[in-house]
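Please open the structure in your viewer and keep the selection panel at hand. We will walk through it stop by stop.

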Amino acid sequence: MLRSAPASSLARPTPRRVSPARAPRARSNVRAPTRASAAASTAAMTTTTRTIWRVNKTGALSGLERVDGDELAPPGPGEIRVKVKAIGLNFADVFSVLGLYGATPDCPFVPGLECCGVVEAIGESDPDLPEGTVVPTVAVGDSVMVVTRFGAYASAVNAPLHQCRPLPSGWTHEQGAAFLVQGLTAFYALRALGDVKKGQTVLVHSAAGGCGLFGLGICRAVGATPVATVGSQTKVSAVLERFPDMDPDTVIVRDGKRFREQVAAAASAAGSADGTCDVVMDAVMGDFFEGGWANLARGGRYVVYGAADLTPAGDLAWFNVLGWVKLGWKYLWRPRVDPTNLPGENKSVMGFNLIWMFDKIVELGRLLTDLDALRLPAPKVGESFAFDRLPDAIRTFQSGGTSGKVVVTLPED
């Protein structure tokens, strides 16, 4: 298991904006452009071959196929080519492979939303980016973190430069592959939608996972007090190891039969006068929605960004009748909120999917800048798999038994 670098040790570069331009600060993990790097960039501006994991048919992991010799065109305007060193897994990957993710491209497609690696080539600047787009300054040989709208399950990717950020000094490539998607997800849930403030109490579901650990960190960074929920006793230690000064009475091992009472008790232990929470950050839903909703304060915001309770335990091939029946039953009995009751209760339910933020280039850059400003420590990497074992990594991640981020690493040359 990789240990996080302390926040004080991270030196992060400041990206430039298309308009107005700003001079970047000194960067300890990014090289200044040189004649050699420019020559290397020119030499790499040709079609190359790579290895990918491609989904030919959704529904089962058997539809995921390794393909060697896939051709990758030179980076286009506003793009860079990145030699991938590590890939971060997300629940969207699982849902896209199983055919349950609405934003998934048509088959065949390459899954994956984030990776980290080394810049191999830099395309020409893109003159059509909207004003205010944040574009970092990088050179060939720099290590960068990449968030992309699918395509990260590959040994090399072309990615828009405005969707990349230099790897902070002291971070590994594995940690870099664990930062952007889950960090942005938690930040958007809590700050953009939840509007979390100092002194508030926040219920964070799946707190031992990647998004959950970011959620706890963001709450503490802004002065809010989190209440953490986890699925098993073993995950309590993962939360307290990351945040050793957190009160154990504010960490809940979810029990569907008494979850409502658990939340009220933990919120009180966190300092809530009436045992309620001001914000709920939920990617579980299912049987645990009601307990959080009932304990949401007046004026509170319930932010939903996933439904892990609806995640199938295995494949959803056509012949897996039992799997489809279980999923259908959970769907039919999923929690519901009557919108006509919301004004009287003075509560809000908000939902989002980070994938649609790729259409909002300026706002995405602003979110990345604001997230970086919190100076969060390097993310926790829970498990690491070799690129050849990528399907095994997905299966392990799908089980829900992991803590921290699950990453896939590629071999060194």
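Before the first stop, one cut-off: a residue counts as buried when its relative accessible area is under 20%, with only protein chains considered and a 1.4 Å probe. Keep in mind, too, that this is a predicted model.

**The whole chain**

Start with everything shown. The protein has 12 helices and 17 strands, and of its 413 residues, 54% count as buried. Colour by atom type on a surface if you like: about 18,000 Å² is exposed, and carbon and sulfur atoms supply 53% of that. Among the contacts with a separation of 6 or more, 73% are between residues 24 or more positions apart.

**Thr-148**

Now select Thr-148, in the loop between strand S7 (143–147) and strand S8 (156–160). Is Thr-148 buried or exposed? Its relative accessible area is 10%, so Thr-148 is buried. To see what it touches beyond its neighbours within four places in sequence, add Gly-112, Leu-113, Glu-114, Gln-163 and Phe-358 to the selection.

**Helix H2**

Next, select residues 91–98, which form helix H2; 7 of its 8 residues are buried. These are Ala-92, Asp-93, Val-94, Phe-95, Ser-96, Val-97 and Leu-98. What lies over them? Show strand S2 (48–55), strand S4 (79–88) and helix H12 (390–398), which are included in the cover of the buried residues of H2. Then step just past the helix to Gly-99, where phi is positive, near 80°.

**The six-stranded sheet**

Move on to the open sheet of 6 strands, with parallel pairing in the order S12-S11-S10-S13-S14-S15. Strand S12 (251–253) and strand S15 (348–351) are at the edges with a single partner strand each, so one side of each has no neighbour in the sheet. Looking across the sheet, neighbouring strands are turned by 15° against each other on average, direction ignored.

Zoom in on strand S13 (residues 277–282) and strand S14 (residues 296–304), whose parallel pairing runs over 5 bridges. Pick Val-279 and you will find its bridge partner in S14, Arg-301.

**Helices on the sheet**

Two helices finish the tour. Select helix H4 (residues 180–193): packed on the sheet, H4 touches strand S10 (201–204), S13, S14 and S15, and its direction makes about 150° with that of S13. Then select helix H5 (residues 210–222), which also packs on the sheet and touches S10, strand S11 (225–230) and S13. The direction of H5 makes about 170° with that of S10.

Terms used:
Residues numbered from 1 in each chain as written. Predicted model: local features only at pLDDT ≥ 70, side-chain atom pairs only at ≥ 80, totals over all residues. Heavy atoms only, no water. Helix = DSSP H or I, 4+ residues; strand = E, 2+ residues; numbered from the N terminus. Buried < 20%, exposed > 50% of the residue type's maximum accessible area, 1.4 Å probe, protein only. Contact = heavy atoms within 4.5 Å. Pairing = 2+ DSSP bridges. Axes fitted to C-alpha atoms, helices over the stretch in contact; angles between N-to-C directions. Areas by Shrake-Rupley, 256 points an atom, 1.4 Å probe, with all protein chains shown as cover.
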